[in-house]
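Visitor: I would like to understand the words used for this model, and how each one is justified. Could you take me through them slowly?

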Amino acid sequence: MLFFVNDYGEGAHEAVLAHLAETNREHLTGYGSDPYTAAAKEKILAAAECPEGDVYFLAGGTQTNETVISAYLRSYEGVVACETGHIAVHEAGAIEHSGHKVLTLPGRDGKLDAADLEAYLAAYYADGNHAAMVFPGMVYISYPTEYGTLYGKDELTALRRVCDAYHLPLYIDGARLGYGLMSPAADVTLPDIARLADVFYIGGTKVGALCGEALVFPHGAPDHFFTHIKQHGALFAKGRLCGVQFDALFTDGLYFHISRHAIHMAMKLKQLFAERGYEFFIDSPTNQQFVVLTKEEMDEIGKHAQFEIWEPTKDGRYAVRFATSWATEEADIEALAAILPEHK
């Protein structure tokens, strides 16, 4: 059965496993105080060109989002996000469970628009009763978005401008950051992300690691953030687990190399569906491709390949997601080609 369900269905890249194995018997101090974690932090900050920043490692995306957002917000504040944003849809109310509302705005191709954000903030503060409402205290976006789309540098700069005008931190969820940065459609680099965001994370879970995300504060973390991580049950005693993995991922550009491979496979997959006459739900330049299928087409393709049903379309068909990863092979695309019928 071909696997295109998600980009975290495999274990870890062989270089990551090798580094874990070769350091396995070493006696190291805990909680991220080991030399491999220090090396990983140094390599990440060098790649992001923010040497004065801070890096922390957490287990997964939802845990990272909840820990970061709750650390920044006061008790009466919420976080502004696109209505299709991950924290608004696919995190089981984790942010609300921490006591903070997700304040959603309509998106455009899965993206939060700076003009819409500015209009919302202006209207909020113009409301004479705004003191009795949830204050917008932070702005959340993801790169890439839930629909695989990308913010251009001009769009991120515009969002940064609005955040500065209203003194709001900008947080970028980078669960698939490598796949966004390595897309041929991207005009944003890792240093650009570090320059435009107050905080962002580099996803490892979906990009070659067994687990783990590298949380980066380009200008320094909030006070006592280590303690905040501990309070949220997010602190690894075996901090080496993430440190060793990211040390491998950020050696000799491995993180970017394997991300580029996933994009290359996604573009081949996209071309295949286009050549067979299929319609795309949205034009994604990243590793997530959204194809519109009938129930009959889903049943037929589903005999040979796994994919994820994303949402129904207005005409009774379905938008389904085919995702490639760092581990997708050319043979997987060739095998899909052998069973994919022409769209009727």
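Guide: Please keep in mind that this is a predicted model. Let us start in the sheet, where Ile-202 stands opposite Ala-214 in E8.

Visitor: How do you know that strand E7 and strand E8 pair?

Guide: Two strands pair if DSSP finds at least two bridges between them. Strand E7, residues 199-203, and strand E8, residues 213-217, are joined over four bridges, so by that cut-off of at least two they pair, and the sense of their pairing is antiparallel.

Visitor: What is the order of the strands in the open sheet?

Guide: The order is E2-E8-E7-E6-E5-E3-E4, which makes seven strands with mixed pairing. Strands E2 (54-58) and E4 (102-105) stand at the edges because each has a single partner strand, and one side of each is therefore left without a neighbour in the sheet. From one strand to the next, the twist averages 25 degrees.

Visitor: Which strands does helix H11 touch?

Guide: Helix H11, residues 240-249, packs on the sheet and touches E2, E7 and E8, and its direction makes about 115 degrees with that of E2.

Visitor: Why is His-167 called exposed?

Guide: A residue counts as exposed when its relative accessible area is over 50%. The value for His-167 is 70%, so His-167 is exposed. This residue lies in the loop between H7 and strand E6 (170-173), and its phi, near 60 degrees, is a positive value in a residue other than glycine.

Visitor: Is Asp-252 buried or exposed, and what makes it so?

Guide: With the cut-off for exposed again at over 50%, the 79% relative accessible area of Asp-252 makes that residue exposed. Asp-252 belongs to the loop between H11 and helix H12 (254-275), and its phi is near 55 degrees, which is likewise positive in a residue other than glycine.

Visitor: What makes the empty space of about 60 Å³ a cavity?

Guide: A cavity is a set of points where a 1.4 Å probe fits but cannot get out, whereas a pocket is an open set. The space of about 60 Å³ is the largest cavity, and the structure holds one cavity of 30 Å³ or more. Among the residues lining the largest cavity are Cys-82, Tyr-140, Ile-141, Ser-142 and Glu-146, and strand E5 (residues 135-142) gives the most to this lining, with three residues.

Visitor: Which residues lie nearest the centre of the largest pocket?

Guide: They are Tyr-8, His-86, Glu-146, Arg-176 and Lys-206, out of a lining of 23 residues, and the pocket holds about 360 Å³ of space. Strand E12 (308-312) is among the elements that supply at least two residues of this lining, and E12 gives the most, with three.

Visitor: How many residues of each class line the second largest pocket?

Guide: There are eight nonpolar, three polar and one charged. Lys counts as charged, and Lys-41 is one of the lining residues, while Gly counts as polar, and Gly-32 and Gly-239 are in the lining too. The space in this pocket is about 170 Å³, and E2 gives the most to its lining, with three residues.

Visitor: Which peptide bond is cis?

Guide: The peptide bond from Tyr-143 to Pro-144 is cis, with omega near -5 degrees, and Pro-144 is found in the loop between E5 and helix H7 (153-165).

Definitions and conventions:
Residues are numbered from 1 along each chain as its sequence is written. This is a predicted model: local features need pLDDT of at least 70, side-chain atom pairs count only at pLDDT 80 or more; totals for chains, interfaces and linings use all residues. Side-chain values use heavy atoms; hydrogens and water are left out. Axes are lines fitted to C-alpha atoms, for helices over the stretch in contact, and angles run from 0 to 180 degrees between N-to-C directions. Contact means heavy atoms within 4.5 Å. On a 1 Å grid over the protein atoms alone, a cavity is a set of points where a 1.4 Å probe fits but cannot get out, and a pocket is an open set with protein on both sides within 12 Å along at least five of seven lines; lining residues have an atom within 4 Å of a point. Grid points are joined across faces, edges and corners, and a volume is the space filled by probe spheres set on the points. Buried means under 20% relative accessible area, exposed over 50%, partly exposed in between (1.4 Å probe, protein chains only).
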